[in-house]
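Student: I'd like a close look at one part of this structure, namely chain C. Could you walk me through how that chain is put together, and start with how the chains touch one another?

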Amino acid sequence: MTGILVLEQSLNGLQFGLMLFLLAAGLTLVFGIMDMINLAHGSLYMVGAYLIAAAALASGSFWLGLAAGVAGTALFGVLLETTVLRRLYERDHLSQVLGTFAILLMCNEGVRWIWGSQPMTLNPPPALSGPVELLPGFSYPAFRLLVIGVGLLVAAGLWALVTRTRLGMQVRAGASDREMALAMGVNVRRLFTAVFGLGAALCAVAGGMLGPLLAVQVGMGENILILAFVVIVIGGIGSVRGAFIGALLIGVIDTAARALLPPLLERLAGPAAASDVAPALASILIYVLMAAVLFWKPQGLFPSHG
Amino acid sequence: MADPVSSPLDHRLRKVPALVLLAALVVLPWGLQAAGQDFYLGLATRILIFGLAATSLNLVLGFGGLVSFGHAAFVGAGAYTVAVLMQDGVASAWIAWPAAVAVSAVLAAAIGAISLRTRGVYFIMITLAFAQMLYYVMTSLKAYGGEDGLSLMSKSFVAEAVDLGDERTFYLLTLAVCALAFLFVQRLLNARFGHTLQGLRENETRMAAIGFPVFRYRLAAFVLAGALGGVAGVLLVNQSGFVSPSLLDWHQSGLLLMMVILGGVGHLYGGLAGAAIFLLLEELLSGYTTHWKFVLGLVLLAVVLLAPNGVMSFRRRR
Amino acid sequence: MKWTSVRVVALAASLAMTVGAAHAADAVKVGLLSTLSGPGSGLGIDIRDGFQLAVKHSGGKLGGLPAEVVVVDDQQNPDVARQSAERLVKRDKVDFMTGIVFSNLLLAVAPPVFQSNTFYISANAGPSQLAGPQCNPYYFNVAYQNDNQHEAMGKTVTDKGFKRVALLAPNYPAGKDALAGFKRYFKGEVVSETYTPLNQLDYGSEVSKMRAAKPDAVYIFLPGGLGINFIKQFVGAGLSKEMTLFGPGFSADEDVIRAVGEPMLGMFNTSQWAHDLDNAANKRFVADFQKEYGRLPTLYAAQGYDAARLMDAAVRDTKGKLDDKKAVRRALEAAKFDSVRGAFKFNTNHHPVQDYYLRVITKDAQGRVTNRTLGTVFKAHADAYASTCKMPS
C-alpha cells in the first residue's frame with residue numbers, strides 16, 4: 001500500500017509543480033527580458049480564473065469557458081502592458097515593485113466589485129469529475145490527470161516556441177543581452193507586448209486548471225505568486241528551462257514535505273506538533289532551499305545571462 | 001544653531017515648522033475631546049506609530065538605497081517579544097521594551113548579515129523570504145497563539161502614575177518616543193554615518209574605492225532600522241492589545257514600502273507624511289466605499305508614475 | 001460613625017441612581033461583524049440575511065425600537081476582526097454585537113467587546129473556552145456549543161455499527177472542539193486524526209492518506225468552502241465507493257449541497273435545526289427566506305434569525321432601557337421568544353439546551369437535493385462545559 005501512497009503523492013507533486021511552471025514561465029520571461037519585477041502576475045492568474053469561471057457559467061461548458069477566459073486574459077495582459085507597465089521598464093526596482101503592487105490592489109478590488117466577495121464556483125467538466133483506475137485498487141482523480149496532461153503539453157509547446165521559432169529566438173536573445181538584441185534589429189516593443197500577452201495566457205491556463213481544485217476567490221494569486229518568485233530565483237531569471245526544473249523541484253518538495261513531515265513529527269513530538277508545526281515547516285523548507293541555492297549559485301541553477 | 005558644515009546630504013529639521021507641528025500634536029487630545037471625536041485619538045496614535053515604522057524603513061530604503069521587502073518582520077518581532085513576555089508574566093515596560101528592541105536588532109543583524117551579501121532583486125527576494133520564514137514560524141507556534149495571534153492581558157507597566165490604559169497618556173508617551181526617535185534619525189543622518197550611508201546609495205563602487213567598509217556601514221544601518229522598527233512594534237502591540245502573524249507577512253512589508261514612497265523616499269519627513277496619508281485615506285475612504293483599496297492603488301500608481309519621489313519631493317527646493 | 005457611613009452610602013446610592021438612571025434609548029444599534037468574503041463567506045452572508053429577515057419581520061424594529069444594523073466584513077482575519085469590533089463598540093457604540101462565524105475570530109474579538117460591557121449574542125461560533133472557564137455575563141450563544149453536533153454524530157456513527165473511522169478537521173478552536181465532541185460519544189477505533197491549516201483548500205494529500213489507511217468511515221468537520229472542496233475531491237478520487245462519509249450539519253447544509261449536488265445523496269448529518277421542522281415560526285421563516293432571497297436557508301440563516309429574535313425579546317422585556325445592563329442580561333437569560341427550533345432555553349452558561357436531529361440528504365418532492373429529518377439523536381442536550389463555568393450572578 002505504501003507504493004500506491006508514494007505514487008499518488010508523486011502525481012500530486014507533479015501536478016502542482018506543472019501549474020507552478022505555467023506561472024513561473026511567464027514571470028521569468030518578463031523579468032529576464034524586460035528586467036521588470038511584476039507583482040501583478042498573480043493578479044493575471046486571478047483574473048484568468050474569474051474570466052474562465054464566468055465564461056463557463058455563461059456558456060455551460062468548461063472547455064468554452066477555458067478558451068474564452070484564456071483569450072480574455074491575454075487581451076487584458078496586453079492592454080495592461082501597453083498602457084501602464086510599459087512606463088515602468090526603465091524605472092528602478094522599487095518603482096516597479098510599488099507600481100505593480102498598486103495594480104495588484106486594483107485588480108483585487110476590481111474583481112470584488114464585478115463579481116462580489118463570495119468565491120465563484122468553477123466545476124471540472126462532468127466527464128472528468130470522477131476517478132480513473134490507473135492500477136488495480138488505485139483510482140486517481142481524472143481531473144488531476146488532465147491538469148498534468150495540460151501542464152506537460154504547454155511545457156512542450158513553450159519549449160518548441162522558444163527553441164524552434166523566430167519569436168523564441170528573439171526571446172532568448174532579449175533575455176541574454178537586451179541591448180545587443182535591440183542593436184540587431186529586434187522590434188523590442190512588439191516583442192515585449194507579445195511576451196507579456198503570452199505570460200498572461202499561461203497564467204489563465206493555470207487559473208483554469210487550479211480553480212476547480214482550490215477556489216476562485218479574491219487574492220487567490222498572492223500565495224502562489226510568492227512561490228513563483230522563489231521558483232524563478234532558484235531556476236535562474238530569464239530561463240524557461242530553469243523555471244521548469246525549479247517548479248518541479250518546488251512542487252515535489254512541497255508535496256513531499258506536506259505528506260511526510262506530519263507523520264514524522266507525530267512520531268517524534270506528538271500529534272499537536274504534527275498539525276501545528278508541519279505545515280509551517282514545509283513552507284519554511286522552500287525558503288531555506290532558495291537561500292541555499294542563492295548562496296551556492298547566486299544566479300540560479302540555469303542563468304540565462306551570459 | 002545652524003550646523004557648522006552643511007552639505008547637500010544634510011536634512012534640515014526645519015525647526016520652526018517642526019516645533020509648530022509638535023505643539024499641535026501635543027494639544028491634539030484635548031482638541032479632539034472638545035470636538036467630541038475621542039475615537040480619532042486612536043487613529044492619531046496609529047499614525048505616529050506607523051510614521052516611526054516607515055521612517056525606520058526609510059533609513060535603509062531612502063537613505064541607504066536598499067529595497068527591503070521584509071521590514072515588517074522587525075516590527076512584528078518587537079510586538080511579539082512584548083506579548084510573549086507578558087504571557088510569561090513580565091509586564092514591566094522597563095524590561096520588556098528594551099528586550100523587544102534588542103530582539104529586533106539581533107534579528108536584523110542576522111538577516112542583514114546574509115541578505116546584504118546579495119544585490120538588486122536577489123536582496124529583495126531574500127529579505128522577503130526571511131520575513132516569510134518568520135511569519136511561518138509564528139503561525140506554527142501555538143503556544144504563542146499561532147495564526148490566531150496573542151492578546152495582551154494588560155498594557156505594559158511603566159509607572160504608577162503613568163497608566164497606558166488611558167488613551168491620552170498612551171498617545172503622549174507615543175508622541176514622546178516618536179519625537180525622540182525622529183530626532184535621533186535626523187542627527188544620525190547629518191552625522192558622518194548618515195553622509196556615508198547616502199554616499200553608498202549614490203555610488204557604491206566609488207565609496208569602496210575610497211576605502212569605506214561598505215558592508216559594515218550597510219549592516220549597521222540595517223540593524224538600526226530594525227531596532228527602530230522594533231520600537232514601533234512595541235508601541236503597536238500596546239495600542240491594539242493584540243498581535244498576530246499577519247503583522248509579519250509580506251503584505252504588511254509592502255504597506256510600509258507604500259507609505260515611504262507616498263511620503264517621500266529619502267526625505268526626513270517622508271515616513272511620517274506617508275503614514276499619515278495612508279491611514280487618513282484608509283479612514284476617510286472606508287467610510288465611503290468598501291472598495292477604497294482601489295482608490296489607494298490608483299493613488300499609489302499615480303505617485304509612482306508622476307511623483308516618484310513622493311509628496312515631500314514637491315516641497316524640495318531646487 | 002455608623003450613621004455617617006450610612007448617610008454617605010445613601011447619598012452615594014441616590015447619586016448613582018440619578019446619574020446612572022437607565023433612560024430609554026431611542027434606537028437599537030447592532031454591530032453585525034461576519035465573514036463576508038473568502039471561502040467562509042456563504043456562512044456569514046446567510047447569518048446576515050437571516051438576521052435582517054427577522055428585523056424585517058418585526059417591521060424594521062427590535063423590541064419596538066427602530067433597529068440600526070451595521071454590517072462589517074471581518075475578512076476572516078483576526079486583526080481586521082479585532083479592529084472592526086473596537087470601532088463598532090468604541091466609535092459606533094453599538095448595544096449588541098453578533099455575527100462572527102469562526103471561533104478563532106470570536107476569541108480575538110471577545111476581550112474588547114466584554115471590556116466595553118457590550119453584549120455579544122453569538123449566531124454561530126461556540127468555542128468551548130467561552131462555554132466553560134472563560135464564560136462571561138456579556139456572552140450568549142443562541143446557536144449551539146461547538147462540540148454538540150459532533151457529539152450527536154459520534155453517537156450516530158457508533159449506532160450504525162462503524163468500527164474504524166478517520167477524522168479530519170481544520171486546525172482552529174472549533175476544529176479541535178469538533179473532534180473532541182465526536183470522540184466523546186464514538187465508541188470505535190479512531191484510525192487517524194488530522195488537523196489541516198484553516199486556509200488549506202487542496203486535500204489531495206489527506207485523501208491519499210485515507211486511501212492508504214482504509215477506514216470504514218470518514219468523519220469530517222469542514223465548514224463552507226473547505227467542505228465543498230473536500231467532498232468534491234473525495235468523490236473525485238473514488239473514495240466514496242470505499243468508505244462512508246459523515247459530517248455535522250455544517251458540512252452538509254444547503255450551501256455545500258448547492259455546490260456539490262448529487263454526489264452528496266445519502267450523506268447522514270446532525271443539526272439542531274432543519275428546514276422541515278414543524279412549528280409556526282419555522283414555517284414562516286423558511287417560506288419568507290425563500291421568497292426574499294431565492295434560496296433555501298441553511299442553519300446559519302436560522303441562527304442569525306434567532307439571534308435577532310432574542311435581541312427583540314430582550315429589548316422588549318427591558319422596555320428599551322438598554323443602559324441597565326443587569327436588566328438586559330436577565331431578559332436575555334429568560335429568552336422569551338419563539339425560536340425556529342420550537343421551545344428555547346438557556347443553560348447556566350448562556351448556551352442552549354436543545355434537541356439534535358438526524359438528517360439525511362435526499363431528493364424532496366420537488367426533486368431538489370436537500371436534507372430530510374429522520375429522527376432525534378439527543379433530547380434536551382446540554383454541553384459538556386457548563387459545570388466548569390462559574391457565571392457571576
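Tutor: Sure, and keep in mind that this is a predicted model. Let's get the chain contacts out of the way, beginning with chains A and B: 32 residues of chain A are in contact with 33 residues of chain B. On the chain A side, helix H4 (93-115), helix H9 (220-235) and helix H11 (271-296) each put in at least two residues. The largest share, 16 residues, comes from H4(A). Sort that side of chain A by class and you get 22 nonpolar, 6 polar and 4 charged residues.

Now for your chain. Chain C meets chain A through 25 of its own residues, which are in contact with 29 residues of chain A. Helix H2 (41-57), strand E8 (189-196), helix H8 (204-213) and helix H9 (225-236) of chain C each supply at least two residues of that side. By class, the chain C side splits into 9 nonpolar, 13 polar and 3 charged.

Stepping back to chain C as a whole, you'll find 13 helices and 13 strands in it. Its radius of gyration is 22 Å, close to the 21 Å that the globule rule gives for 393 residues, so chain C is as compact as a globular protein of that length. Along the principal axes, its C-alpha atoms fill a box of roughly 80 × 50 × 40 Å. Of the 393 residues, 58% count as buried. As for contacts in chain C with a separation of 6 or more, 73% of them are between residues 24 or more positions apart.

On to the sheets. One of them is an open sheet of 6 strands, with mixed pairing and the order E2-E3-E1-E4-E5-E6 in chain C. Strand E2 (61-62) and strand E6 (139-141) of chain C sit at its edges with a single partner strand each, so one side of each is left without a neighbour in the sheet. E2(C) pairs with strand E3 (residues 65-73) of chain C in the antiparallel sense, over 2 bridges. If you want a spot to click on, Lys61(C) stands opposite Pro66(C) in E3(C). Packed on this sheet is helix H3 (residues 78-91) of chain C, which touches strand E1 (28-34), E3 and strand E4 (96-98) of chain C. The direction of H3 makes about 175° with that of E1(C).

Then there's an open sheet of 7 strands in chain C, ordered E8-E7-E9-E10-E11-E12-E13, again with mixed pairing. Its edge strands are E8 and strand E13 (369-381) of chain C, each pairing on one side only. From one strand to the next, the twist averages 20°. Recall that E8 also supplies at least two residues of the side of chain C that touches chain A. Further along the order, strand E11 (residues 268-271) and strand E12 (residues 354-363) of chain C run antiparallel and are joined by 4 bridges. Here, Asn269(C) has Arg359(C) in E12(C) as its bridge partner. Helix H7 (residues 173-185) of chain C packs on this sheet, touching strand E7 (164-170), E8, strand E9 (217-220) and strand E10 (244-248) of chain C. The direction of H7 makes about 160° with that of E7(C).

Methods. Residues numbered from 1 in each chain as written. Chains lettered and ligands numbered in written order. Predicted model: local features only at pLDDT ≥ 70, side-chain atom pairs only at ≥ 80, totals over all residues. Contact = placed C-beta atoms within 7 Å. Nonpolar A, V, L, I, M, F, W, Y, C, P; charged D, E, K, R; others polar. Pairing = 2+ DSSP bridges. Axes fitted to C-alpha atoms, helices over the stretch in contact; angles between N-to-C directions. Rg over C-alpha atoms; globule rule 2.2 N^0.38 Å. Buried ≥ 20, exposed ≤ 12 C-beta atoms within 10 Å, placed from the backbone.
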